[in-house]
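Student: I have a structure open and would like to go through it with you, one question at a time. Could you explain the reasoning behind each answer as we go?

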Amino acid sequence: SFLFSVGYGIFILPAGLALASASPRIVMAVGLVTWSVATIATPAAAGAISTSGMAPLLLARASVGAAESVLLPTMQRFLSAWTKPDEKSTAFATMSSGFQSGTILAY
């Protein structure tokens with residue numbers, strides 16, 4: 001949904017800034033827990049449309065996007081710490097192609 005992209009776009013910069021001062025493991029863990037809670041809440045929010053309107057569902061989708069925004073900066077931080085300088089481009093290309101392959105296979 002559109003609000004997934006809005007949540008992602010708004011929070012990707014703060015996610016990157018959080019990595020400058022916090023452990024990437026903590027940032028990834030917080031993002032994963034937030035993403036999981038928002039994903040679990042999405043069906044309930046969709047079911048509540050008749051009583052609460054669209055706001056809970058749109059908030060859930062924006063929250064999923066915001067939580068997912070920590071993934072790319074955190075993975076880049078992990079790759080920069082865990083790979084040799086001459087292997088970084090290959091590692092990043094492999095990771096990026098994995099994201100795209102997953103999207104293709106999902107459809």
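Student: In which helix is the place of Ile 49?

Tutor: Please keep in mind that this is a predicted model. Helix H3 covers residues 49-52. Ile 49 falls within that range, and its place is therefore in helix H3.

Student: Which residues make the nonpolar surface patch together with Ile 49?

Tutor: A residue can belong to such a patch if its relative accessible area is over 30%. Ile 49 is partly exposed, and its relative accessible area is 32%. The patch has an area of about 220 Å², and Ile 49 shares it with Met 54 and Leu 58.

Student: How many helices and how many strands does the chain have?

Tutor: Reading along the sequence, one meets the pattern α-α-α-α-α-α. The count for the chain is accordingly six helices and zero strands.

Student: What percentage of the residues of the chain count as buried?

Tutor: A residue counts as buried when its relative accessible area is under 20%. The chain has 107 residues, and the share of them that count as buried is 26%.

Student: How many aromatic pairs does a search of the whole structure find, and at what distance, centre to centre, are Phe 4 and Tyr 8?

Tutor: The search of the whole structure finds two aromatic pairs. One of them is formed by Phe 4 and Tyr 8, whose planes have 25° between them, and this pair is stacked. Phe 4 and Tyr 8 are four residues apart in helix H1, which means a separation of about one helical turn. Their distance, centre to centre, is 6.4 Å.

Student: Are the rings of Phe 78 and Trp 82 stacked or edge-to-face?

Tutor: Phe 78 and Trp 82 are four residues apart in helix H5, and so about one helical turn separates them. The centres of their rings are 4.7 Å apart. Planes under 30 degrees apart count as stacked, and because the planes of Phe 78 and Trp 82 are at 10°, the pair is stacked.

Student: Is Trp 82 buried or exposed?

Tutor: Its partner Phe 78 is buried, with a relative accessible area of 12%. A residue counts as exposed over 50%, and because the relative accessible area of Trp 82 is 59%, Trp 82 is exposed.

Student: Which backbone oxygen does the side chain of Thr 83 reach?

Tutor: Thr 83 lies in the loop between helix H5 (71-82) and helix H6 (88-106). Not counting residues up to four places away in sequence, Thr 83 touches Lys 88 and Ala 91. At 2.5 Å, the side chain of Thr 83 reaches the backbone oxygen of Leu 79.

Conventions. Residues are numbered from 1 along each chain as its sequence is written. This is a predicted model: local features need pLDDT of at least 70, side-chain atom pairs count only at pLDDT 80 or more; totals for chains, interfaces and linings use all residues. Side-chain values use heavy atoms; hydrogens and water are left out. Patches are made of residues with over 30% relative accessible area and no salt bridge: like charges are joined within 9 Å, nonpolar side chains (Val, Leu, Ile, Met, Phe, Trp, Tyr) within 5 Å. Accessible areas come from the Shrake-Rupley method with a 1.4 Å probe; for residues, only the protein chains shown count as cover. A salt bridge is a side-chain nitrogen of Lys or Arg within 4 Å of a carboxyl oxygen of Asp or Glu. Helices (H or I, at least four residues) and strands (E, at least two) are DSSP runs, numbered from the N terminus. Buried means under 20% relative accessible area, exposed over 50%, partly exposed in between (1.4 Å probe, protein chains only). A polar contact is a pair of N or O atoms within 3.5 Å; within protein, one must be able to donate a hydrogen and the other to accept it, and residues adjacent in sequence count only if both atoms are side-chain atoms. Contact means heavy atoms within 4.5 Å. Rings of Phe, Tyr and Trp (its six-membered ring) pair if their centres lie within 6.5 Å; planes under 30 degrees apart count as stacked, over 60 as edge-to-face and the rest as tilted.
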